[in-house]
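Visitor: I am new to this structure and should be grateful for a close look at a single part of it. Please take the strands of the sheet, and then describe what lies around them.

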Protein chains: 2
Amino acid sequence: MLGMTANLPMTVPMDGMPDRITIYEVGPRDGLQNEKSVVPTEVKAEFVQRLVGAGLETVETTSFVPPSWIPQLSDAPDLLQQLADTGHGPKRPVLVPNERGLDNALAAGVGAIAIFGSATETFAQKNLNRSVAESVEMFTPVVRRAREAGLWVRAYVSMCFGDPWEGPVPVEQVVDVCARLMDLGCDQLSIGDTIGVGTVGHVAKLLESLDAQGIPASKTAVHFHDTYGQALSNTLTALRHGVTVVDASTGGLGGCPYARSATGNLATEDLVWACRGLGIETGVDLDALVGTSLWMAEQLGRPSPSAVVRALGGA
Amino acid sequence: MLGMTANLPMTVPMDGMPDRITIYEVGPRDGLQNEKSVVPTEVKAEFVQRLVGAGLETVETTSFVPPSWIPQLSDAPDLLQQLADTGHGPKRPVLVPNERGLDNALAAGVGAIAIFGSATETFAQKNLNRSVAESVEMFTPVVRRAREAGLWVRAYVSMCFGDPWEGPVPVEQVVDVCARLMDLGCDQLSIGDTIGVGTVGHVAKLLESLDAQGIPASKTAVHFHDTYGQALSNTLTALRHGVTVVDASTGGLGGCPYARSATGNLATEDLVWACRGLGIETGVDLDALVGTSLWMAEQLGRPSPSAVVRALGGA
């Protein structure tokens with residue numbers, strides 16, 4: 001392998017880009033929930049600790065969904081207990097699907113939660129077993145009680161660009177669902193391209209439409225999957241539109257179970273590389289992150305799909 | 001596999017993007033020259049014919065370098081003879097390293113050639129066995145004689161963003177080499193990120209600097225490798241700066257032998273997907289192209305690194 005240092009990108013800033021972004025790391029939750037095998041709780045805890053150690057401020061840690069839905073994350077209470085002992089400080093949201101999940105999250109002492117809505121009726125039915133309107137109704141007491149308890153609340157909206165059953169999703173429909181969820185009092189919106197079909201013009205249009213409806217880029221995060229190789233391009237477009245919170249998964253872990261593809265979320269390393277080239281601060285130590293991905297790939301028994309991990313890891 | 005149609009991106013144009021681009025396909029040359037195994041001439045011929053059949057206007061077909069340098073392409077005369085019989089019309093440039101190569105290319109009846117310079121002294125020595133100045137001297141009669149013979153001439157410049165031995169390459173140095181090669185009378189410049197370290201701000205700065213030195217985007221093509229996952233983002237940045245010729249390799253074939261990575265050139269399919277989303281005309285039939293990549297992957301005995309090929313091919 002060539003020396004890493006010689007290959008680091010030259011830093012050349014670009015007009016219209018932010019000075020700093022926050023990476024919202026989703027590997028332990030969005031990544032591991034899509035793994036076939038169940039990762040031991042100890043490995044998950046070490047994964048989260050390594051991510052925090054590499055400089056990631058926000059790490060979505062697990063999910064309080066019923067174990068029958070996602071057995072991969074059924075150890076949520078144990079995992080949080082193990083992590084509580086480590087004394088790490090950064091924000092570690094957990095996903096909660098309903099009031100029961102919120103109860104469990106509150107019992108575990110979390111400080112931040114995320115709810116998970118859908119921009120399409122078909123996915124709402126398949127994922128939440130109810131209509132979009134019914135899911136907003138279900139989330140209403142979850143958000144109200146979470147805020148009363150002082151929690152920070154994020155609203156994911158999935159299928160914002162395309163849906164495997166419905167095809168392309170109209171921008172107005174997405175904006176409508178986003179507005180209804182944000183009206184509940186959420187702190188942050190994350191627009192998800194769950195099946196990775198979005199392209200840069202579509203991203204720009206959705207962000208402009210959200211802004212026109214009173215949801216500014218400063219409240220919006222982006223969540224791209226790399227199914228068709230567009231995740232980083234879409235993310236950089238969002239940054240030029242004022243977004244400063246980006247969802248990414250270390251090593252490119254994850255993937256949508258409804259799209260047959262080897263690729264998952266935008267790889268955190270590929271994003272960090274782009275930001276380093278642009279002089280955008282992320283707070284992340286790239287070497288430590290690549291080391292974490294190589295370690296995790298060993299645990300999972302398969303190589304990371306991240307280009308940066310493959311290149312720097314000498315794979 | 002889900003239906004392809006349901007997953008196609010929604011077309012949403014973006015300000016500042018061209019209506020149409022020309023894809024300069026480099027798979028048969030840049031792709032296959034980096035394969036360990038030598039692909040049979042008949043397979044290469046079928047590959048080129050399939051690419052042309054899928055709508056690619058320009059396909060760089062082979063290279064007239066000495067067989068001892070690149071045995072993978074030592075069948076150049078045979079390949080061109082096989083292709084001449086097929087009556088395909090589009091532009092099919094071949095690489096020539098020196099006057100001897102030009103002689104052979106002229107004997108084979110080609111209509112377009114490409115020369116291959118370096119932005120750095122180290123790579124000029126390693127690849128051409130001479131200094132940058134000496135290589136410009138070597139190319140001078142090649143370009144003059146090619147133009148006298150009525151050929152179209154492209155000048156590649158490699159290591160325009162970083163060099164594995166020298167690290168980041170100063171933009172002024174790159175512009176200087178590009179200007180010297182274009183001054184010889186070349187029709188088109190292709191700026192190459194041979195080791196894939198470039199990022200979007202760097203791309204914008206180089207294109208602006210070239211333009212300031214009298215080499216406009218209308219004469220410049222871009223050639224990105226996806227080693228660190230930046231190829232498509234860099235390409236889209238170039239399009240916003242007026243570039244309309246993009247080098248890409250079907251299936252993402254290729255790769256720099258000096259950088260250990262599984263990924264090679266920007267995959268033509270991933271570019272076509274992005275363009276389809278943006279409403280940018282490429283003339284390419286995506287289904288036919290994906291089919292070609294799946295066929296070629298079978299010939300090579302390994303899967304394509306293209307995200308689109310993996311997703312649409314059901315791999």
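Guide: What follows is an account of the sheet strands and their surroundings. The model is a predicted one.

Let us begin with strand E6 of chain A, residues 152–158. This strand is mostly covered, since 7 of its 7 residues are buried. Its side chains point in two directions: Trp152(A), Arg154(A), Tyr156(A) and Ser158(A) point one way, while Val153(A), Ala155(A) and Val157(A) point the other way, and all are buried.

E6(A) has strand partners as well. Strand E5 of chain A, residues 112–118, pairs with E6(A) in the parallel sense over 7 bridges. Within that pairing, Gly117(A) has Val157(A) as its bridge partner in E6(A). Strand E9 of chain A, residues 188–193, also pairs with E6(A) in the parallel sense, over 4 bridges. Here Tyr156(A) stands opposite Ser190(A) of E9(A).

The strands of chain B may be taken next. An open sheet of 9 strands is found there, with parallel pairing and the order E2-E1-E11-E10-E9-E6-E5-E4-E3. Its edge strands are E2 (58–59) and E3 (62–63) of chain B, each of which pairs on one side only. Further in, E5 (residues 112–118) and E6 (residues 152–158) of chain B run parallel and are joined by 7 bridges. Ile115(B) has Ala155(B) as its bridge partner in E6(B). Helix H9 of chain B, residues 200–212, packs on the sheet and touches strands E9 (188–193) and E10 (220–224) of that chain. The direction of H9 makes about 155° with that of E9(B). Helix H11 of chain B, residues 268–278, lies across strands E1 (22–25) and E11 (245–248) of chain B, and runs at about 175° to E1(B).

Strand E5(B), residues 112–118, also leads to the nonpolar interior. The largest nonpolar core has 220 residues, and those with the most contacts inside it are Ile113(A) and Ile113(B). In soluble globular proteins, nonpolar side chains tend to be buried together. Apart from neighbours within four places in sequence, Ile113(B) is in contact with several residues, including Pro93(B), Val94(B), Leu102(B) and Ala105(B). Trp152(B), Val153(B) and Arg154(B) are also among the contacts of Ile113(B), as is Val142(B).

Val142(B) is likewise touched by Asn98(B), which is also in contact with Met138(B), leaving aside neighbours within four places in sequence. Asn98(B) is found in the loop between strand E4 (94–95) and helix H5 (99–107) of chain B. The side chain of Asn98(B) reaches the backbone nitrogen of Gly101(B) at 2.8 Å.

Two further places complete the account. Asp30(A) is found in helix H2 of chain A, residues 27–31. Asp30(A) counts as buried because its relative accessibility is 7%, under the 20% limit for that term. Not counting residues up to four places away in sequence, Asp30(A) touches His223(A), His225(A), Gly254(A) and Asn265(A).

As for the cysteines, the count of disulfides over all chains comes to 0. Cys186(A) is in no disulfide, and the nearest cysteine sulfur, that of Cys178(A), is 11 Å away. Cys186(A) counts as buried because its relative accessibility is 4%. Cys186(B) is in no disulfide either, with the nearest cysteine sulfur, that of Cys178(B), 10 Å away. At 4% relative accessibility, Cys186(B) is counted as buried.

Definitions and conventions: Residues are numbered from 1 along each chain as its sequence is written. Chains are lettered from A and ligands numbered from 1 in the order in which they are written. This is a predicted model: local features need pLDDT of at least 70, side-chain atom pairs count only at pLDDT 80 or more; totals for chains, interfaces and linings use all residues. Side-chain values use heavy atoms; hydrogens and water are left out. A nonpolar core is a set of buried Ala, Val, Leu, Ile, Met, Phe, Trp, Tyr and Cys residues joined through side-chain atoms within 4.5 Å. Buried means under 20% relative accessible area, exposed over 50%, partly exposed in between (1.4 Å probe, protein chains only). Contact means heavy atoms within 4.5 Å. A polar contact is a pair of N or O atoms within 3.5 Å; within protein, one must be able to donate a hydrogen and the other to accept it, and residues adjacent in sequence count only if both atoms are side-chain atoms. Two strands pair if DSSP finds at least two bridges between them. Axes are lines fitted to C-alpha atoms, for helices over the stretch in contact, and angles run from 0 to 180 degrees between N-to-C directions. A disulfide is a pair of cysteine sulfur atoms within 2.5 Å.
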